[in-house]
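Reader: Please take me closely through one helix of this model. I would like to know what lies on either side of it and how it fits into the rest of the chain.

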2 protein chains.
Amino acid sequence: MSSVAPVKPVTACVLIIGNEILSGRTQDVNLAFIARSLNERGIQVREARTIPDVEAVIVDTLRSVSASFDYVFTTGGIGPTHDDITAECVAKAFSVPLITHPDIAARIRRYAEQRGLAPEVIETSLRMARVPEGAGLIDTEVGAPGFNIGNVYVMAGIPAVMQSMIRLLAPKLTGAMPVRSRSIGAYVGESLVAEPLRAIQDRHPTMDVGSYPFSEEGRYGTTLVIRGTDEAQLESVLGEIRDMLVSLGAETIARE
Amino acid sequence: MSSVAPVKPVTACVLIIGNEILSGRTQDVNLAFIARSLNERGIQVREARTIPDVEAVIVDTLRSVSASFDYVFTTGGIGPTHDDITAECVAKAFSVPLITHPDIAARIRRYAEQRGLAPEVIETSLRMARVPEGAGLIDTEVGAPGFNIGNVYVMAGIPAVMQSMIRLLAPKLTGAMPVRSRSIGAYVGESLVAEPLRAIQDRHPTMDVGSYPFSEEGRYGTTLVIRGTDEAQLESVLGEIRDMLVSLGAETIARE
């Protein structure tokens with residue numbers, strides 16, 4: 001029996017929904033933003049999947065990952081066009097009907113009336129008010145709201161809209177201890193530091209020690225990153241790594 | 001019975017392996033490059049998964065996706081440090097031993113001797129020569145080679161190295177008809193074009209018609225993208241979409 005109960009990590013999976021990401025036409029930037037935002041709340045993104053706008057794939061993936069992770073965050077497919085099918089897929093995954101949410105519908109009508117849009121265009125915009133029955137809303141300062149059902153949080157794919165959603169949403173989520181990091185760079189090859197680094201990792205199994213090669217202004221180097229929840233231990237391991245680099249005669253530099 | 005045999009698409013899954021992508025510390029740019037390169041060969045990326053440097057997750061995911069897609073391409077985790085575990089995971093997934101490949105080892109020794117590296121550093125670098133027994137090599141103009149076993153292609157995570165690998169590799173892969181695209185932009189909201197666009201999509205079920213909002217110099221608009229293998233049909237659907245936009249009174253613009 002351990003005298004200290006281990007802290008159970010809180011995990012998340014990100015689903016990036018959209019043919020335009022899989023075709024390489026659009027560069028995803030949402031995963032990195034979501035990961036950093038959740039990390040601040042003590043929620044660790046453990047997997048991300050990029051999937052196409054295909055109903056069976058979205059429904060099956062939602063069912064699978066919502067059972068395996070504490071949280072699921074989706075981006076994409078909640079606009080008004082025929083290829084925006086995320087809302088109906090989430091409803092199917094949770095076996096509930098798709099309804100028109102009165103608050104979102106009222107907001108869309110208000111917006112549309114201010115701009116004098118034609119009735120048939122307003123009708124189409126109301127596709128963005130469809131949510132699974134029982135869903136809560138995810139607020140945003142720009143665009144139409146997202147929604148939440150069970151452990152699944154459905155957000156827009158447009159980065160500015162998604163970022164507004166997660167900024168407003170993240171403070172309401174329950175996480176564990178946030179994972180923090182320390183980094184240090186050195187103008188050495190990874191092979192030179194590999195063995196001493198492995199020894200440091202072995203001495204600190206609760207820390208995650210990573211090594212990433214870089215090239216800057218024509219010089220090659222390695223960034224060493226320590227990740228963990230204990231600030232004092234992070235500083236202590238950073239000190240060990242700095243000492244190790246100095247003992248190898250390496251020139252160290254600050255690295256983000 | 002159909003008189004024309006349908007062309008079976010050739011599919012791929014991309015596995016992005018690395019804690020640094022999942023933590024949001026590093027922005028992945030490999031997926032988009034791989035997707036565009038494969039698309040030119042008629043291979044469609046149908047799913048991408050970003051997974052951590054955790055053996056059980058890598059092995060399970062490799063087994064699952066290599067059974068579900070024609071090709072699997074991995075990036076990351078083939079350097080010389082303790083967190084580079086992709087090679088041993090691929091060997092486990094295929095139930096074959098991990099061996100030191102003589103050609104890669106010779107190349108690493110030659111490089112190390114030219115630079116006068118210490119024997120223990122050379123020993124560490126030789127971790128990059130470990131491949132599953134029976135694997136073929138994926139050549140590169142920079143860094144150590146990747147490898148291939150079964151339908152799995154294992155590449156570096158550093159974009160410059162990965163790009164060299166896929167440039168040399170792609171011409172050797174067997175694909176189907178490449179998927180091409182046409183795009184047109186218009187300064188209209190998605191809701192305005194949603195219904196006519198759905199009608200065009202319904203008339204052309206073998207084409208993939210997508211709609212993506214954009215904001216440029218303070219003006220909002222929508223890019224319409226048609227994807228498919230038949231160039232004549234692409235031009236014809238592009239014409240229909242252009243006519244539809246003109247009939248709505250929308251100002252059209254060229255969009256990539």
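Author: Helices (H or I, at least four residues) and strands (E, at least two) are DSSP runs, numbered from the N terminus. Residues are numbered from 1 along each chain as its sequence is written, while chains are lettered from A and ligands numbered from 1 in the order in which they are written. This is a predicted model, in which local features need pLDDT of at least 70, side-chain atom pairs count only at pLDDT 80 or more, and totals for chains, interfaces and linings use all residues.

The helix chosen here is helix 9 of chain A, residues 231-247. Its 17 residues should span 24 Å at 1.5 Å a residue, and the end C-alpha atoms are 24 Å apart, so the two figures agree. The expected span is 1.5 Å times one less than the number of residues. After helix 9 of chain A comes A:G249, with a positive phi near 80 degrees.

Which residues of helix 9 of chain A are buried? They are A:V237, A:I241 and A:L245. A residue is buried if 20 or more other C-beta atoms lie within 10 Å of its own, exposed if 12 or fewer, and partly exposed in between, with C-beta atoms placed from the backbone. These buried residues cover an arc of only 85 degrees around the axis, which means that they lie on the same side of helix 9 of chain A. The arc is that of the directions from the helix axis to the C-beta atoms. The face turned away from this buried side carries the exposed residues A:A232, A:E235, A:G239, A:D243, A:V246 and A:S247.

On the buried side, helix 9 of chain A packs against strand 9 (180-186), helix 8 (190-203), strand 11 (219-228) and strand 12 (252-253) of chain A. Contact here means that the C-beta atoms of two residues, placed from the backbone, lie within 7 Å.

For the strands, the pairing is described in chain B. There, four strands form an open antiparallel sheet in the order 10-11-9-12. Two strands pair if DSSP finds at least two bridges between them. Strand 10 (208-216) and strand 12 (252-253) of chain B are the edge strands, each pairing on one side only. Strand 10 and strand 11 of chain B pair in the antiparallel sense over nine bridges, and B:G210 has B:V225 in strand 11 as its bridge partner.

Now to the chain as a whole. Domain bounds come from an automatic or database domain assignment, which gives chain A domain 1 (10-172) and domain 2 (180-253). The centres of these two domains of chain A, taken over C-alpha atoms, are 38 Å apart. Chain A comes to nine helices and 12 strands, and 46% of its 256 residues are buried.

Helix 8 of chain A, one of the elements that helix 9 packs against, also takes part in the interface. In total, 47 residues of chain A are in contact with 47 residues of chain B. Helix 8 gives the most to the side of chain A that touches chain B, with eight residues.

Chain A superposes on chain B by a rotation of 180 degrees with 0.0 Å of shift along its axis (RMSD 0.0 Å). That is the relation of a two-fold axis. The superposition is by least squares on the C-alpha atoms of residues with pLDDT of at least 70 in both copies. In chain A, the C-alpha nearest the axis belongs to A:R49, at 2.2 Å.
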